[in-house]
Amino acid sequence: MYPAVLNNKYIKNPSSVGIIPTCYDGGQKKSGVDIAPGEMLKAGLATQIEKMGYSVNVLPDEDCESHKPESEISVEGSNVLNLVWTSNVCKAHAARVEEQCRLGNFALSLGGDHSLALGTITGSSRVYGEDLCIIWVDAHTDINTLSTTDSGNLHGCPVSFLLGIETHPELAWMKPIIRKDRFVYIGLRDIEHKERKIVKDNNIKAFTMHHVDKYGIGAVVQMAIDHINPNLDLPIHLSLDVDAMDPSVAPATGTPVRGGLTFRECHYLCEAIAETNCLVAMDLVEVNPLLGDESAFNQTVAVGNSVIRCALGETLL
Ligand SMILES: NC(=[NH2+])NCCC[C@H](N)C(=O)O
Ligand SMILES: [Mn+2]
Ligand SMILES: [Mn+2]
């Protein structure tokens, strides 16, 4: 079932990277997040990764328009938008992530908004099962349910579905769900009231920016990894929302929140996760090149690409 076996466990340090672009923007309302994968590739992402010694396979962009239903469903007691469309896109994306993981390739998903994680993490969990550990790096918890979401934006909801806190028949393909004790947040600083309760009631480990200030990023990453994967023998999927970084570092994003990770803190975090040799998949989401001026755009695309390289093992020396 596993893509490859080393020491009776997972392949470590895959030598090939599958880049899976899905230009989806229907999980929120600002246009532009869908052009991010193209811009990141145009800025040289694939060649940069090849230069690190990987073989790289860039998959075609998913045709999100073809997944648009003729009509959307409405959910009682919820103002959720684009449920069917998001489900269709993420289901297709999950199959592509699953395939890359089965081939033993590092599955690198480029979004799109963070609703795409409904697909990215389901794809890797089909291969790695309940061993899969998730590190969710974000300003936001993205753990609204269909009834708690005020915005109706599904990019604020994927975690509740991934952890089995929320379900809907339309998303019944999302199996298996992720173990709550193998999920950890880093970088939080904008959590809605109802989300706080969900995080606490479900005992989900969370390192906010308060913890980063108090302990430093080095200790926070260590504690996060110790929590989900103390023996470093389980596969890790990193879901990185660029808004985890401070808006001065990654300005071109739809829901910026001040007080975020510095340039080095986010790079260090990715370097430290790479050092575990357990990383099997990564998502880079919420870059919106249309928000801000040209320099904000270039800066955000470049920082997105550089954190990806760090997660793949780029070092300073
Ligand atoms: N992936 C993101 N940027 N999510 C932002 C979510 C913001 C807000 N909590 C909402 O539910 O709409
Ligand atoms: Mn966010
Ligand atoms: Mn997010």
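## Pairing of strands

Two strands count as paired if DSSP finds at least two bridges between them. This model is predicted. In it, Ser 239 has Asp 283 of β10 as its bridge partner. The strands β9 and β10 run parallel and are joined by 6 bridges.

Asp 283 in β10 is also the bridge partner of Ser 109. The strand β5, residues 106-110, pairs with β10 in the parallel sense, over 4 bridges.

## The sheet as a whole

These pairings belong to an open sheet of 8 strands, in which the pairing is parallel. Read across the sheet, the order is β4-β3-β5-β10-β9-β6-β7-β8. Its edge strands, β4 (55-58) and β8 (205-208), each pair on one side only. On average, and with direction ignored, neighbouring strands are turned by 15° against each other.

At the β4 edge, the partner is β3, made of residues 16-21; the two strands are parallel and share 4 bridges. One of the bridge partners here is Val 56 in β4, which is matched with Val 17.

## Around β10

How much of β10 is buried? The strand covers residues 279-285, and 7 of its 7 residues are buried. Together with β9 and the helix α9, β10 makes a β-α-β unit, and this unit is right-handed.

## A helix across the sheet

Helix α8 is formed by residues 217-228 and lies across three strands: β6 (133-137), β7 (183-188) and β8. Relative to β7, the helix runs at about 160°.

## Asp 243

Between β9 (236-241) and α9 (263-275) there is a loop, and Asp 243 is found in it. Is Asp 243 buried or exposed? A residue is buried if 20 or more other C-beta atoms lie within 10 Å of its own. Asp 243 is buried because 28 other C-beta atoms lie within 10 Å.

Which residues is Asp 243 in contact with, leaving aside its neighbours within four places in sequence? They are Asp 138, Ala 139, Ala 250, Thr 253, Thr 255, Pro 256, Val 257 and Glu 286. Arg 258 is 15 residues from Asp 243 along the chain, and the C-alpha atoms of the two are separated by 9.2 Å.

## The surroundings of ligand 1

Ligand 1 is surrounded by 14 residues. The closest of them are His 114, His 140, Ser 151, His 155 and Gly 156. By type, the shell around ligand 1 holds 9 polar and 5 charged residues, and no nonpolar ones.

Notes
Residues are numbered from 1 along each chain as its sequence is written. Chains are lettered from A and ligands numbered from 1 in the order in which they are written. This is a predicted model: local features need pLDDT of at least 70, side-chain atom pairs count only at pLDDT 80 or more; totals for chains, interfaces and linings use all residues. Axes are lines fitted to C-alpha atoms, for helices over the stretch in contact, and angles run from 0 to 180 degrees between N-to-C directions. Two residues are in contact if their C-beta atoms, placed from the backbone, lie within 7 Å. A residue is near a molecule or strand if its C-beta atom, placed from the backbone, lies within 6 Å of it. Ala, Val, Leu, Ile, Met, Phe, Trp, Tyr, Cys and Pro count as nonpolar, Asp, Glu, Lys and Arg as charged, and the others, Gly among them, as polar. A residue is buried if 20 or more other C-beta atoms lie within 10 Å of its own, exposed if 12 or fewer, and partly exposed in between; C-beta atoms are placed from the backbone. A crossover is right-handed if, with the strands pointing away from the viewer, the path from the first strand over the helix to the second runs clockwise.
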